[in-house]
Amino acid sequence: MLKRRDGKREDWKRITKRAYAQSLIETEEFKGHVTLLHAIQVSHPLNVHYEKEHVCILDDGYMWLQQFPSNAHHAVTTMFDADGNIVQWYIDICLQSGFTNGSPWWEDLFLDIVLLPSGDMYIMDTDELEDALSQGVIDKKQYELAWGEVETLKAKISTGDFELIKLARHHKDTLMNVMNN
């Protein structure tokens, strides 16, 4: 069974003081739900290590923007530091996303893409996808969907045609207005 992830992230205890906003956006460029989680205070920072870099993805004052485009097989989390700089984009490959009980969600298909502002890109959790297929958690069609989505997104990113990256700051500003009103 696929894990369903919740956009509100209310169960994340590392964030001790938070603000949150969400909105349905329907424009020519984007149709779907968008959330903004402001980690006003955290119990301890969250740092990740990639091949060449160490990146702090959560600390006091950080914001996580999540974009859930309708009818897509991905959701994007843009992580901003306390100064508003993007520290990374995290793209979850998903079977589907939706909106239930006042919150957006996605069904995780294991593969993820990490894109850093430097342009470095990492495909994550390939071992988890392989394990899910071998254990019958997903079928061959879902496996191929996950890899197909990764390849499509890699191509769009490399040509500068992945719109969600371009819309991240605008969506964050839009939700900051919601949060502050």
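The second largest pocket of this predicted model has a volume of about 260 Å³. Its lining comprises 16 residues, and those nearest the centre are Pro-69, His-74, Lys-156, Glu-163 and Leu-164. Helix 2 (140–159) and helix 3 (163–180) each contribute at least two residues to this lining. The greatest contribution to the second largest pocket, 4 residues, is made by helix 2. By residue class, the lining of the second largest pocket consists of 6 nonpolar, 4 polar and 6 charged residues.

The largest pocket encloses about 650 Å³ of space. It is lined by 27 residues, of which Arg-5, Arg-9, Tyr-90, Asp-92 and Trp-106 lie closest to the centre. Two or more lining residues are supplied by each of strand 1 (4–6), strand 7 (74–80), strand 8 (86–100) and strand 9 (103–115). Strand 9 accounts for the largest share of this lining, with 5 residues. In the lining of the largest pocket, 13 residues are nonpolar, 12 are charged and 2 are polar.

The surroundings of Met-121 were also examined. This residue belongs to strand 10, which spans residues 121–124. Met-121 has a relative accessible area of 29% and is therefore classed as partly exposed, because this value falls between the 20% limit for buried residues and the 50% limit for exposed ones. Beyond residues up to four places away in sequence, Met-121 is in contact with Ile-113, Val-114, Leu-115, Lys-154 and Ile-157. The C-alpha atoms of Met-121 and Gln-88 are separated by 9.9 Å in space, while the two residues are 33 positions apart in sequence.

Methods. Residues are numbered from 1 along each chain as its sequence is written. This is a predicted model: local features need pLDDT of at least 70, side-chain atom pairs count only at pLDDT 80 or more; totals for chains, interfaces and linings use all residues. Side-chain values use heavy atoms; hydrogens and water are left out. Buried means under 20% relative accessible area, exposed over 50%, partly exposed in between (1.4 Å probe, protein chains only). Contact means heavy atoms within 4.5 Å. On a 1 Å grid over the protein atoms alone, a cavity is a set of points where a 1.4 Å probe fits but cannot get out, and a pocket is an open set with protein on both sides within 12 Å along at least five of seven lines; lining residues have an atom within 4 Å of a point. Grid points are joined across faces, edges and corners, and a volume is the space filled by probe spheres set on the points. Ala, Val, Leu, Ile, Met, Phe, Trp, Tyr, Cys and Pro count as nonpolar, Asp, Glu, Lys and Arg as charged, and the others, Gly among them, as polar.
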